[in-house]
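Student: Before we go through this model, please set out the terms as they come up, with their cut-offs. I would like each answer to end on the value or name that I ask for.

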Amino acid sequence: MTLRPAMPGIHKRDDIGKGPPAFLGYGFRPFFFLAGFAGIFGVVLWLASISGAITLPSAFAPSLWHAHEMLFGFVTAAIAGFLLTAIPSWTGRPPVRGAMLGGLVLLWIAGRLAVATSAIIGTGTAAVIDLAFLAALLLVVVRELVAAKNRRNLPMAAALFVLLIANGLMHADVLSLDVVTGSGWRLGFIVATLLVVLIGGRIIPNFTANWLTRQGGSGSAPAPFGWIDKATLVATALALTAWITIPGTIAAVLLGAIAAFANAIRLTRWCGWRTRRDPLLFVLHVGYAWVPVALVLLALSQANDLVPESAAVHALGAGVFGTMIAAVMTRATLGHTGRPLRAGSSTVALYVLITIAAVARVGATLWLNAADGLLDVSGAAWTGAFVLFIGVYGSALLRPRSDGKPG
């Protein structure tokens with residue numbers, strides 16, 4: 001499950017310049033750009049809302065709006081960009097581009113506006129508009145995989161379907177329907193985490209092995225995908241399922257601890273310490289390291305009252321999702337726009353800011369006496385990171401490749 005350009009022969013040189021604008025030429029372009037903006041506004045507007053500086057005309061309470069938009073705005077935009085870019089490599093089919101891609105973009109934007117103004121347009125109307133994006137994306141992904149008879153990657157379609165259900169549950173909660181409070185965002189967190197464990201477990205050791213080979217010399221290499229990886233996937237799925245179905249039980253605590261240990265062992269098998277000279281690669285290992293941290297916090301939060309559940313939730317949201325999304329978006333943008341896979345000083349600063357934001361956000365849940373200050377630090381660092389992403393990578397996403405190739 002690597003991000004690679006579409007297979008040779010799909011595009012012809014004569015077609016260059018006759019197709020849609022560069023922005024709508026490949027899925028990563030609009031959706032990574034939108035993910036960057038969603039990362040900024042999902043935090044800035046929430047902080048302004050809880051401080052009383054603004055009042056959003058949303059039927060969602062400020063914290064619930066924030067959780068919804070970080071999951072179904074920020075995270076789903078990044079997932080859409082990844083999938084729509086990876087699918088041509090998986091299937092050999094042309095990328096989704098032009099009017100169809102533009103339609104998906106408009107549905108995503110409409111969903112953000114609908115949720116933000118749901119107190120005005122009505123919660124039911126907002127739900128229909130917002131759910132339309134994931135439904136349309138699911139149909140597009142299924143169409144591409146089925147047309148290519150690509151069964152191996154159908155789990156990606158299943159993940160989108162569960163995300164659609166999770167989003168529906170959040171709207172049902174706001175509509176005061178008979179659903180378990182909080183089940184929607186928890187289910188969304190579960191799906192996003194499992195995608196990181198699944199996809200990250202493929203691309204991180206693969207990228208690491210390739211990089212180490214290019215460096216030459218001897219030394220340890222990432223272990224190939226094997227039974228430990230499969231067991232880790234199962235353990236993580238069980239731990240997260242227990243969190244939503246039997247929270248606070250001994251079984252849930254033990255499963256969380258086992259999953260944390262399994263993911264930590266898995267991470268050490270990828271030789272991440274050997275990649276510290278390449279920030280573009282090392283940050284992927286840093287992002288995955290948040291997975292066992294979050295699972296430990298999740299187990300502890302169910303075992304006692306000393307660790308709040310929000311510590312685990314923000315270790316996942318800011319730590320795992322934030323870092324991995326920033327890492328994948330920067331790397332994929334460089335690779336798919338014909339630029340060298342090299343992190344400049346601004347990109348390194350972006351990674352540092354994301355890490356500061358995640359540590360401070362988790363710290364704010366654990367150190368209540370300093371919560372306000374740490375929340376401000378986290379918000380400023382997070383916003384700064386994605387402002388940097390837009391500033392450094394925005395032009396590459398908006399403009400054609402400098403080498404004239406499609407992508």
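Tutor: Contact, or touching, means that heavy atoms lie within 4.5 Å. The model is predicted, so that local features need pLDDT of at least 70 and side-chain atom pairs count only at pLDDT 80 or more, whereas totals for chains, interfaces and linings use all residues. Residues are numbered from 1 along each chain as its sequence is written, and side-chain values use heavy atoms, with hydrogens and water left out.

Student: Which residues does F31 touch, not counting residues up to four places away in sequence?

Tutor: A nonpolar core is a set of buried Ala, Val, Leu, Ile, Met, Phe, Trp, Tyr and Cys residues joined through side-chain atoms within 4.5 Å, and buried means under 20% relative accessible area, with exposed over 50% and partly exposed in between, for a 1.4 Å probe and protein chains only. The largest such core has 112 residues, and F31 is among the members that touch the most others, a group that also includes F74, L160 and W382. With residues up to four places away in sequence set aside, F31 touches A77, A80, G81, L84, L101, L104, V105, W108 and F133.

Student: Which helix gives the most to this core?

Tutor: Helices are DSSP runs of H or I with at least four residues, strands are runs of E with at least two, and both are numbered from the N terminus. A second, separate core has 7 residues, including W46 and V174. In the core of 112 residues, the helix that gives the most, with 16 residues, is α11.

Student: How many of the 23 residues of α1 are buried?

Tutor: The expected span of a helix is 1.5 Å times one less than its number of residues; for α1 this gives 33 Å, which agrees with the 32 Å between its end C-alpha atoms. Within α1, S49 is buried at a relative accessible area of 13% and touches I54 and P62, neighbours up to four places away in sequence not counted. Helix α1 is largely enclosed by the rest of the structure, since the number of its 23 residues that are buried is 17.

Student: At what angle do α1 and α11 pack?

Tutor: Axes are lines fitted to C-alpha atoms, for helices over the stretch in contact, and angles between N-to-C directions run from 0 to 180 degrees. The axes of α1 and α11 (residues 309-336) are 11 Å apart, and the two helices pack at an angle of about 150 degrees.

Student: Which residues of α1 and α11 make the contact?

Tutor: Counting Ala, Val, Leu, Ile, Met, Phe, Trp, Tyr, Cys and Pro as nonpolar, Asp, Glu, Lys and Arg as charged, and the others, Gly among them, as polar, the contact of α1 with α11 has 6 nonpolar, 2 polar and no charged residues. From α11 come V328, M329, A332, T333 and H336, and from α1 come F28, F32 and A35.

Student: Which helices do the buried residues of α12 pack against?

Tutor: Helix α12 (residues 345-366) has 22 residues that should span 32 Å, and its end C-alpha atoms are indeed 32 Å apart. Its buried residues include L350, Y351, R361 and T365. These buried residues pack against α1, α10, α11 and α13.

Student: Is C271 buried or exposed?

Tutor: Most residues other than glycine have a negative phi. C271 has a positive phi near 60 degrees and is found in the loop between α9 (250-268) and α10 (279-303). K149, also not a glycine, has a positive phi of about 55 degrees and lies in the loop between α5 and α6, where its relative accessible area of 76% makes it exposed. With a relative accessible area of 2%, C271 is buried.

Student: How far apart in space, C-alpha to C-alpha, are A381 and I50?

Tutor: A381 is found in helix α13 (residues 371-398) and counts as buried at 4% relative accessibility. Leaving aside neighbours within four places in sequence, A381 is in contact with L353, I356 and A357. A381 and I50 are 331 residues apart in sequence, and their C-alpha atoms are apart in space by 18 Å.
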